[in-house]
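Here is a short tour for anyone meeting this structure for the first time. Keep the model open beside the text and look up each residue as it comes along.

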Amino acid sequence: MTKLETTGENPQELAEKRKMLEVVGSMREMNPMLGLRGCRLGLLFPQINVMQTRAILEAAIELTKQGKRLHPKIMIPLVGHANELKEVRRQLEAVAKQVTAEAGVSIEYKFGTMIELPRAALTADQIAKLADFFSFGTNDLTQTTFGISRDDAEGKFLLKYVDGLAEPGLKEKVKILPVNPFQTLDREGVGQLVQMAVERGRAANPHLEVGICGEHGGDPDSIEFCHQIGLDYVSCSPFRVPVARLAAVQAALSSAQKQVSE
């Protein structure tokens with residue numbers, strides 16, 4: 001753009017780039033974590049949902065024609081109201097119908113959402129009627145439940161909350177939090193929202209599949225809690241998979257032992 005302004009070449013292209021930058025500038029936000037992202041972006045710009053859905057299903061159809069069996073899952077992030085998911089699902093099903101008609105091949109897929117906001121957890125029964133699965137985004141759910149930004153808090157006060165605050169006149173540090181809630185799931189707060197959403201979601205949709213994704217999926221204590229409340233799976237980064245598998249086995253064995261002793 002600087003070159004176009006300097007040389008004066010191609011004024012039409014320059015005007016288009018200026019217009020594009022103006023649009024980008026108008027979308028800047030003071031708090032982007034709670035702003036125009038997730039499903040909100042796709043609702044304001046439906047072509048994004050259409051493009052991504054078409055790409056997923058066309059790839060799935062191509063592999064199906066090669067004789068490979070697969071079951072794609074399309075997950076919608078940052079849903080806070082059932083109407084958001086309802087509209088996205090309408091968009092998705094319209095695209096799916098078009099893609100399968102063009103290819104002459106049908107493809108089975110599952111449609112679900114991430115539960116990352118307290119309101120979504122509280123209204124899980126409404127959302128579950130529109131979804132095949134829930135995946136709890138516990139990183140964002142922790143942020144929105146505690147009302148703190150992980151990126152900012154860990155470098156400023158959160159770790160001091162865990163390690164302890166030194167106060168004049170006190171021999172021992174004052175601990176505010178027992179553990180970092182972004183490393184180990186906060187059972188008393190965030191965990192209660194997850195459990196509530198599981199219970200309400202399955203009450204409305206008995207076939208609902210539920211799990212979590214994020215760093216908590218590789219934490220043994222968090223995995224134990226997930227097992228206790230009946231989650232179907234945990235998802236985590238690759239290097240945490242061995243720990244997650246071991247923790248899942250330990251949680252299952254511990255639960256079985258308790259049932260035998262009872």
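Which residue lies over the face of F133? That would be K73, which sits 5.5 Å from the ring centre. Before going on, bear in mind that this is a predicted model.

**The overall picture**

Let's step back to the whole chain. The protein folds into 13 helices and five strands. Its radius of gyration is 23 Å, well over the 18 Å that the globule rule gives for 262 residues, so the protein is more spread out than a compact globule. Along its principal axes, the C-alpha trace covers about 70 × 55 × 35 Å.

How much of the protein is buried? Buried residues come to 35% of the 262 residues. On the outside, about 15,700 Å² is exposed, and carbon and sulfur atoms supply 55% of that area. As for contacts with a separation of 6 or more, 62% of them link residues 24 or more positions apart.

**Inside the protein**

Now for the interior. The largest nonpolar core holds 41 residues, and I76, F134, F136, V194 and L231 have the most contacts inside it. The element that gives the most to this core is helix α5, residues 82-103, with seven residues. There is also a second, separate core of six residues, among them I148, V162, L177 and F182.

Pick out V194 and see what surrounds it. Setting aside neighbours within four places in sequence, V194 is in contact with F136, L141, I229 and L231.

Two of the core names also turn up in a ring pairing. A search of the whole structure gives two aromatic pairs. One of them is F134 with F136, an edge-to-face arrangement with 6.3 Å from centre to centre and 85 degrees between the planes. Both F134 and F136 are buried.

**Helix α8 and what follows it**

Which residues of helix α8 are buried? In this helix, which runs over residues 138-146, they are T138, D140, L141, T142 and Q143. L141 is also one of the contacts of V194. The cover over the buried residues of α8 includes the strands β2 (110-115), β3 (133-137) and β4 (209-213), along with the helices α6 (118-122), α9 (150-156) and α11 (190-204).

After α8 comes G147, with a positive phi near 75 degrees. A little further on, S149 lies in the loop between α8 and α9. S149 counts as partly exposed because its relative accessibility is 25%. In sequence S149 and N31 are 118 residues apart, yet their C-alpha atoms are 9.8 Å apart in space.

**Helices α4 and α5**

Moving to another part of the chain, T53 is placed in helix α4, residues 46-65. Is T53 buried or exposed? It counts as buried, because its relative accessibility is 7%. Leaving out neighbours within four places in sequence, T53 is in contact with I74, L92 and V95.

Helix α5 is also home to E102. Not counting residues up to four places away in sequence, E102 touches R54 and E58.

Just as worth a look is L78, in the loop between β1 (73-76) and α5. Its phi is positive, near 60 degrees, although L78 is not a glycine. L78 counts as buried because its relative accessibility is 1%.

**Out in a loop**

For a contrast, try L170, in the loop between α10 (158-163) and α11. L170 is partly exposed, with a relative accessible area of 45%.

**Distances along the chain and in space**

The table sets sequence separation beside distance in space for a few pairs mentioned along the way, with their partners.

| Pair | Apart along the chain | C-alpha to C-alpha |
|---|---|---|
| S149 and N31 | 118 residues | 9.8 Å |
| E102 and P72 | 30 residues | 19 Å |
| L170 and R18 | 152 residues | 60 Å |

To finish where the tour began, find K73 over the face of F133 once more, then follow the chain to F134 and F136, two of the residues with the most contacts inside the largest nonpolar core.

Notes:
Residues are numbered from 1 along each chain as its sequence is written. This is a predicted model: local features need pLDDT of at least 70, side-chain atom pairs count only at pLDDT 80 or more; totals for chains, interfaces and linings use all residues. Side-chain values use heavy atoms; hydrogens and water are left out. Buried means under 20% relative accessible area, exposed over 50%, partly exposed in between (1.4 Å probe, protein chains only). Helices (H or I, at least four residues) and strands (E, at least two) are DSSP runs, numbered from the N terminus. Contact means heavy atoms within 4.5 Å. A nonpolar core is a set of buried Ala, Val, Leu, Ile, Met, Phe, Trp, Tyr and Cys residues joined through side-chain atoms within 4.5 Å. Rings of Phe, Tyr and Trp (its six-membered ring) pair if their centres lie within 6.5 Å; planes under 30 degrees apart count as stacked, over 60 as edge-to-face and the rest as tilted. A charge sits over a ring if NZ of Lys or CZ of Arg is within 6 Å of the ring centre and within 35 degrees of the ring normal. The radius of gyration is taken over C-alpha atoms; the globule rule is 2.2 Å times the number of residues to the power 0.38. Accessible areas come from the Shrake-Rupley method with a 1.4 Å probe; for residues, only the protein chains shown count as cover.
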